[in-house]
Structures are given as structure tokens and as C-alpha cells.
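Me: Can you take a look at the rings in this one with me? I'd like to go through the aromatic contacts.

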Amino acid sequence: MRLAYFPGCVALDSCRELDIATRLVAEEVGIELVELEDAGCCGAGNLQEYNPEAALALNARTLSMAEDLGLDVLTVCGTCQLYLSRANVALRDPETRERVNRLLARLGRRYGGGVRVKHFLQVLLEDVGPRRLAAHVRRPLGNLPVAAFYGCHLLRAPGAAEDAEDPRAIERLVEVLGGTPVTYSRRTACCGFHVLTVRQDVAVKMSALGLQEARGAGAQALATPCPLCHLVLDAYQHKASRAVGEPLNLPVLHVSQLVGLSFGFDPARLGLRRHLVSVKPFVRALEDTEVVKA
Amino acid sequence: MTGGRKVGVFICHCGGNISDVVDVYALREFAAKQEDVVLATDFRFMCSNEGQERLQKEIREKGLDGVVVACCTPKMYEDLFRGKAGEAGMNPYLLEIANIREQCSYAHGHAPEKATEKAKAIVKGQVERVRQLRPLEVKTATIHPGVAVVGGGIAGIHAATLLAELGHRVTLIEKSPTIGGNMARLVKTFPTDDCAMCTLSPKMNEVYNHPRVDLLTYAEVKEAKRSPGRFTLVVEKKPRYVTDACIACNRCTERCPVSTAKSPIQVESEWDVGLGKRKAIYLPFPQALPAIWTIDADHCFYFQRDRACRICAMVCPAKAIDFAMKPEVVTVEVGAVIVATGYREYDPTPLRHLGFRRYRNVVTQMQLARMLDSMGPTRGEVARPSDGKPADAIVMVQCVGSRGAPGDALVHEYCSRVCCMVAVKHASLIKKARPDAEVYILYNDLRAYGKGFEEYYASSMGLGVKYVRGLPGSVRPAGDRLVVDVDDMLTGRRLELPADLVVLSAALEPDPVDDLLAALHLDKTPDGFVKEYHPKINPTETAVKGVFVAGCAQGPKDITDTIAQAGAAAMSAAVFLGGGEMTLNPLVAEVDPALCRACDRCTEVCEFDAVCVDPERLVAVVDETACEGCGKCAVVCPTGAMSVRQFAKPQVVATIDAIAPLAVVP
Amino acid sequence: MAGPKAGTVASSTVRPDSPTFWKEVLGLPGGEALATCIQCNTCTSSCPVEALEPEFNIRRLIARIKLGLREDVLSDEALWACARCFACVARCPKHVRPGDIVEAVRHIALGEEREGPGPRHARAFVESIRDGGRIHEARVTLESLRLAGLLREGWLPARMAWRGKAPRLRRRPLKSVPEIRALLDAAEEGA
């Protein structure tokens, strides 16, 4: 299976470990990633606010690049998934598409509307499938309690297969990888990333509430499909701890990293050292469990 | 046939509704100049008594044989004016309405000059049309005696009783094993806290015992045929597998193994809206009528496990069990039908954030009503379905499935009207029984519009019911309780309300009876309810003569309004039946035998079986009593042999030719 | 905001200053369904920001727009507190899309070159796309927070750098930046 890989901005900058882990996992399960190296930012809401038409055109350009390759788009970020698929839905309207195509024509581009936008989590569960995924598991998560943190945008993206109020994808994935999913009500809550620069106080408290509840529910790690959630939950966790008045100490893994760990990849290769909240206790607990497959 | 007509044009001001926009004097001058027009006049209200007299006077004095009344939509007064013209000696079908209100002054109030030009075009079109019309003969048909009332809820019961009292033979058809409908579940009724069953049960008995009422329960209308003055309903009675010999001793139910703890077959009680179980042989509720037990074959060991169990037959002292009972088809011939098919409660499962079917302690108001019944699944205690513990904190959520976005397939756009008062009632009942319980009602607009409602609402506050203005964002679990997140507009505080029970005030939606409506050729309004003839001035009749509608089949309403409408529907039906004779619409299809090639296309498209081909003469023949004048046959006819009277091609073309040159560009 | 002038009493009353403000919002992407709001409060009850910062009240924002309190809405810093979680959009029974209305109102504010941390961040973000095609995190953060804000982060940048987590100080622009810039310009002209 081949996919047009759209890593987004953050997975190539502060969350480089996500890009690295994703490539490793994709290779392992036989997905060929054709990176859209020249694709621009999805706009992340900011460009949409500044100039909605420009944001639509920029995303149409990205979609047209995948269409030229005859491939569907793969994202690894909730926000990229939301804004690319929102654009894709808007571009289904023939009038809108014609209008945007007139802009794209200046670059010699055209978008026909025939591309799907999929997040890596969805690809793993639907296209690769639990059975093939399980076949690659060399170091099962050993019943380690892992809680999901979905992030709003993946759940709210048009065409999301999940029930946004009661999603199950990450829990199912954790089970496939041999772990024990921990559920708690704030797994669908907002991390606050999009107000991190403007209202850091609010963002930190928002993430703190989620982290606190997950920890209270017994989670030893969080798994998130979004690098933006990861940034808040990991890099700002010390501030969240301060906000709730107790050390949270909850390692946060990218979904790709979690899958990579269960595949038996070296934690260092998965970029786990780049995290601010140490993943070491989790990895150690994992290494203590028996390796069932060579 | 042009020339020689004497056409009169009457222009109505509609008290300013038309004349404030359209220059009626210019319109009158214009009309006077048209060919064959011998009179053009204007009047403040043509629909007034004076207006009607003026119309009749001019017809008599000027000998008019064509009239155009330029006024409001023909749906309003076409029948009236035609009747008056007929009394004055003119053929009623030579009168046409030119709609210059809805289609002109109302729509173009911002552009009076253009509106006047458009009014001229409309009037000229109708003048030319009238010049082409032929006088038509009006035939009558005898109305078959008797009424069928479909639906045995409070609306159907009330209408059936009134008609029977007036001396009509009534057939009351109910699809479930008992009459009583939703009202039987309600425990108490607002705003008086009357016991629902105590008020309903006597009415059930009255209709059940009435000598002129034939009751068909566990029965559904499968087909309906219409001929002039007569409806033939084909009703299927489902087998109860229990005969009339039943003595209501309940021994069968006591011994039936279904829904017992170890039984592989478990049945949720429809009566208790899923809160309790029932046996396979059952009486829906103690006051059910007829008091004959019913076997639910879909959940009975005898039928589902190859005759494995016959306990009920063995214990029955009256030998009333008959496993061999077959469905029975009954044909009912009546002159009128009242549709009183009622409502069902909306299923809130799609509204995922409210947690219905995700959390057991989220229920609907109807389920709460069952809990409040001392004979109900919790013996009158408001308890948590999860563990049966008493609910100390109850949070009610209004407008669930009501007041949604237009076009949203999952919810309804309309207000269900009764849910506010249902919540106030249930909250009050809970507080009266258990003052220490906390009850919150989360509402948007609280609509207490009926007689005694405001007082009832106010008294609930005295009981300590707490009102929170704002609908919740989510319902989530917290330990063994729930938490409801809501921002209260009144206090400006974001609340987290702990709840043992969340009660959703789910919308009322029409009971799905599409097959019945299709069989009777009834339309629905966009909200899914039966379309009444006129929502304001004629809410009980329908577009089909002889078919009436009552109760929640026509729209959400409380019991008071249901009773009122059922009475009105019974009255309308009685008036209709009382004449014993109905006039037939002469505006139906007719065939020109010289052009017909007997190709059968008309017979294929006719929905009313009103056209057939005469095998000897090889021409199509229209049954004028069955034809509705819809015109489908005229459209598909390849030779032009088929046409609808007064809508023949030259008559339609005359209007178009008249209007086209006057077309007003917006 | 400027302080009250001498001799006047500061009043917190407002007057509707733009009766057609609702139409202005209605005409923008995201604002189309504004008019059908029935103020049921499902949006605010769903809002994770309002739970922590009551100044940002999305239902009231819609009411203020409909009432024509244009300056009151556009000068309100709380407008920039929306975290774009879109729970309100998902749950609104009238499909009013409250979160998208925020987008439309912010568009107006940005068009008027309003000041404050919110508009500053949005502009830094867009500039970064114009200059590099993708986001240059270090630069956007610095321009949004300014030096003072960055200092308030304390040791965090250093800790991130130590972990190799810090965003790159320099980022090579995409090869196609001229193309992207041309597209953005073209969209701007068209708008």
C-alpha cells in the first residue's frame, strides 16, 4: 500500500520523533510513504481565520499533489486531518472547486476532488487491520495500562469513523498491541494547544484536567494521535503538575511510538529520549515483560 | 369558443393587503379593456357578505357567464365564490380566481409598480382562461353510512364515542392488543395531577361497551380503497392465540416461563418502555380492554422452540388458548375515516453526548412516568435502573430531539409542545413524594402556555424544583453516578450537576403509519405529521373528502387539545355523513374517443385505478367517481386524447399566451 | 483600552453600534448559520475554555453579534481564547456552528488589524507560512510571545533544547515557497 505522506509542520520540527516513528512503523507493516515534500501548512485554523480562501487554496494544492500521484493523503496530526478533510469536503462542491481551481491554475495545478485524507491511526486499524498488526507485535504491551488522549480535531474531522463522544480506536489498538486500555471521560477532551501561545494559563489547565483524570484512572502512559496534543501534554506537563498541585509524571507517547515499541523497536530509535516527561519507567516495565516472539 | 362571453372581473383590496401594493384602480382600468369583459369592479373585501352579494347581483343583472375574482389564493375562497355564483344562476365552473395576493402583493411588497404589472398579467391570464371554459355538470354520490376510527388512544376513543352517541356506526381499529394508547402510561396529567388511568379508564369502558362501536384490536389497516362516498378498509386482525373464552384469571401469565430468571427468551415490556419485562402471554396493563390475554408468538417457546411449551394451555381453566389461531381479514365499509394514530416517543440514542443507551441511568420522560406508577416496574419509586437504588438527584434535559436544525434527519425541527409541562409535572411529583430529592430541569425556553400551566409551573418552584437555563454539553460517568455539564445562563455559572438519574424530555414524533397514509392518499407536512386541510381554520379535515384527523397524528399536543380536536373531528365527520350525499368533483379526466389508441399508458400511471380500456370499443374509459383529476394520464397520453376538464391544452395555452407578452422582469 | 477621561464616570454599559453586524458575519465562511441560533446554551455547556475562563462565552458571543455590539465583540480579548475544539459545532442542535462563527469574527478583527496577543499570533503564523511554506515554530513562538513572554517560559526552552526537543532555530523554506506565496496573494486579490 502506498500513501502520500503529509507529515505537517510540527512532526518535522519539535516533534521529529513522530515522523521517525511513523516511518519505521509504516515500513514494518508494508506501507510505502511518498512524502509530499513541497506541500504547505494546513493552515491550522490561523490561516483559515486570516484568509479562508487562501487556506482552502493551499489545502487544495496539497490534495492536488496527492491526486497527481494517484494516492490518498496520510496525516499524523489531528489538526492536519481536520483542516485537510474540511477543505476536501468544501471542494466536493463543484462551484467551490471551480473557483479554487482558477487560483490553482496559476500554478499549473488542478484538483479533481478524488483524494481521501486518512490519519495514520485509521490506516493502522482499517487498512492494515488488527490481525496483520498483531502479527508484527514482538513485545506485547504486557497488560500495561495505557490511556488514550484523542484530541478534538481527529474526532471532529469530517468523515471520522469514530463516535466523537465515545471513541474506541486507540483502546482497540492498545488491546491489539497486548496492552490494557484505561478509559476515562476526558479522553475526548481538548488539550488546549490552540490557545497555548495566547492563553497559556487556560491551555495548561485544560491539559492538566485530562492528565490528572487519566492518572487517577490508573494509566501508566498516554497515547495520542496528535503531535499538538503531545506538545502540551508532554512539554508543558510540569506546568500542569503545578496547576493541579501534584506531580503528574505521566509519559505521553505518540501512537506511532506505542506501535513501534510493541513491534520491538529500540526505544532510542523511536525518539523516546526527546520527551520531557521520562518514558523510561514505562519502557522498563515493558522490557520486564516476556518477549513472546523472536 | 371565444366571443360572445360576458365576463366580469372583481378585484379585491383585501383591506390593504393587496391594494397597499397593487394599484387596484389601474388594474380595474386594465381589466375593463380586455375582450369580452363587460364589467370590471373593485371592492374592499370580496369575501365579505356585501362582496358576495355584489357578485351575485352583477351576475344576475349583467347575465355574466364568466367571472374572474382577483383576490387571495384559490385555496381560501374558490369554493365559496363558485357556490355563490351557482346560486346566482351561473355555472360555478365558469368562475376562476386570479391570485394577486400570495403570488403578487405579498411577494413583491417592495416593488409596487412591478407588482401592479404582474397583477395585470395574472388577471389577463385568467380572463383568457375563463373565455375558454365550458360549463360543467355536477354529479352527486351517496355516502355510505358508518365511520372507521383508526387508532384507539384517547383521540380515537373520544371521537368514536361521540359519533356513536350521535347514532353513527363506528369501527374503532387499534393495532396493539388494547385500547388506551399513550395516555394509559402517563400516571398523572398536568396541570391538575389527575390520575391518568382514573380519567381514561371510564372512557375506555364507555367506548368498549357502546352498542354502536365495533372494536378491532390487535388489528391493522392493510389496504384502503376509495370510491365515491365509500371507503373500503381491509383490516388484518393478528391472532391473539387466546379466544374470547378468556376469563382474565392471569394463571397463564403467572406460569409462563418467558422472562423468568433462567429463561433464554427475555421480552422487554412495551408498556413499561423497556424498564421491565413481560411474559409471552400477557395483558398489557391491568385495565386493558378487551381484557383478553395475548400470546406474543415472536417470544413464545411454543412458536420459537418447536412447540416445546404448552404450559398456558395446560393451566387455563377456560380452555381459551388456541395455538392454531390464524390471522383474520375483515373488510370494513364506511363513509368516513378518522385518522387518530397518535405519537411515539423519540429515541435519543443518536444524541451521543446525552448518553442514552451508553449509561443505564439515562432514561426518557416516558420511562420516568412508568417509574412513578405505583403499579409500575419500580412500584412508584424513582430509582436508578443500574442498581435499583433510589435516585437522590435527578436532572431533566429539555428539547431532546425537538427544536433541531432544519433538514437534520436525526432530530425534529418542531417544538413538541408538551415536554416542558411533562418535566414540571414529573419534577413536582417527585418533590411531593420525596422533598429531600433534588430535581433540576435544564431548559432553554420554558413554555407554560395553557390554562393553569403557569400556575402549575410556579407551584413547582414552591416545591423546590430547580430550574437551570441552558442545555447540557455532556453527560459523563463519575463513580457510580453521572455528572451533567451545563452552563446556567441565569447564574452565569458553569455547573457540574451530580445525578443518579438523567431524564431526557424526548420529542413526540408521529407514530409511523406511512402505509395507511399512502392507502388513504393522505399527505404529510414536512414535520412528518398528517397534513390537515388548513392548519388554522380547518385543522381536522384533510385534502381527501371524508378523511379527518385528530390528536397527535396531526401534530404534538397535550390531552386537553387532543380531546378538543377529536371532538371537532367527530363533528366534521358527522356533518359530512349527515348529508348522506356528496358532490363529486367534475374537474376530472375525460377521453376523446376519436383520438384514443388504447395504448394503456394512462391505465399504467393512474394511482386511483380510475382509467381502464374498454376491450370492445378499444378506448380508455374514465371512472369519474374514482378520478382525482391529478392529470398524470393527460401528460403521458401520446395522442392528446386524454385531458382533465378545464385543463385541456387550449385552455392552458390561452392563459400562457395571455401572460407571456406581459412578463415582468424582476 | 484608554482610561476614563477626567470628569467622566466609567460605565460598563454598551450600545448597539452596528445593527447589521450579524449580516456581516453571516456573509463570511463559518458565519452562514448564525441567524438560526436559539440561545439554548449547548455550546457554552460544551466549551472546555468557558469552564476555566468564563469571559469567553460562545453563546453570548453569538447573542452580541446578533444584537449588533460590533466594537464590544471585536475589541474583546476573550475572542482569542477559543481553543478550536469544535465540541460546540458537533453538538449544536441548530447546526449554527458556533466555533466557525469565532473564525468569521476573528477574520473581521484581523482585517481591521486589531492588536493584542491573539491577532499577533495569527499574523506571525501566517507570515511564517508566507516565508517558509510551513510553520517555523521557533519564530512563530518568539513573535507571538515576544521576548518577555519567552522569558516567562523559564527553563522550558532550555530543557527542550537539552532533550533535543527544541524547535529548530533555522528552518529551510520549502522549495515551492514562491509558488505558495503566489497562491496566497492570488487568493487575497480574489477575496
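Reply: Sure, here's a run through the ring pairs and the charges over rings; keep in mind that this is a predicted model.

Me: How many aromatic pairs are there over all chains?
Reply: The count comes to 13 over all chains. One of them is Y302(B) with F303(B), with ring centres 5.0 Å apart.

Me: How are the planes of Y302(B) and F303(B) set, and what does that make the pair?
Reply: Their planes are at 75 degrees, so the pair is edge-to-face; the cut-off for that is over 60.

Me: Is Y302(B) buried or exposed?
Reply: Y302(B) counts as buried, at 10% relative accessibility. F303(B) has a relative accessible area of 27%, so F303(B) is partly exposed.

Me: Which residues do ring pairs link into a cluster?
Reply: Y241(B), Y302(B), F303(B) and F323(B).

Me: OK, other pair. What about Y457(B) and Y467(B)?
Reply: The ring centres of Y457(B) and Y467(B) are 5.1 Å apart with planes at 80 degrees, so that pair is edge-to-face. It links distant parts of the chain: Y457(B) is in helix α13 (residues 453-462) and Y467(B) in strand β21 (residues 466-469), 10 residues apart.

Me: And are Y457(B) and Y467(B) buried or exposed?
Reply: Both are buried.

Me: Switching to charges. Which ring does R278(B) lie over?
Reply: R278(B) lies over the face of Y282(B), 3.9 Å from the ring centre.

Me: What about R269(A)?
Reply: The charged end of R269(A) sits over the ring of F265(A), at 5.6 Å from its centre.

Conventions
Residues are numbered from 1 along each chain as its sequence is written. Chains are lettered from A and ligands numbered from 1 in the order in which they are written. This is a predicted model: local features need pLDDT of at least 70, side-chain atom pairs count only at pLDDT 80 or more; totals for chains, interfaces and linings use all residues. Side-chain values use heavy atoms; hydrogens and water are left out. Rings of Phe, Tyr and Trp (its six-membered ring) pair if their centres lie within 6.5 Å; planes under 30 degrees apart count as stacked, over 60 as edge-to-face and the rest as tilted. Buried means under 20% relative accessible area, exposed over 50%, partly exposed in between (1.4 Å probe, protein chains only). Helices (H or I, at least four residues) and strands (E, at least two) are DSSP runs, numbered from the N terminus. A charge sits over a ring if NZ of Lys or CZ of Arg is within 6 Å of the ring centre and within 35 degrees of the ring normal.
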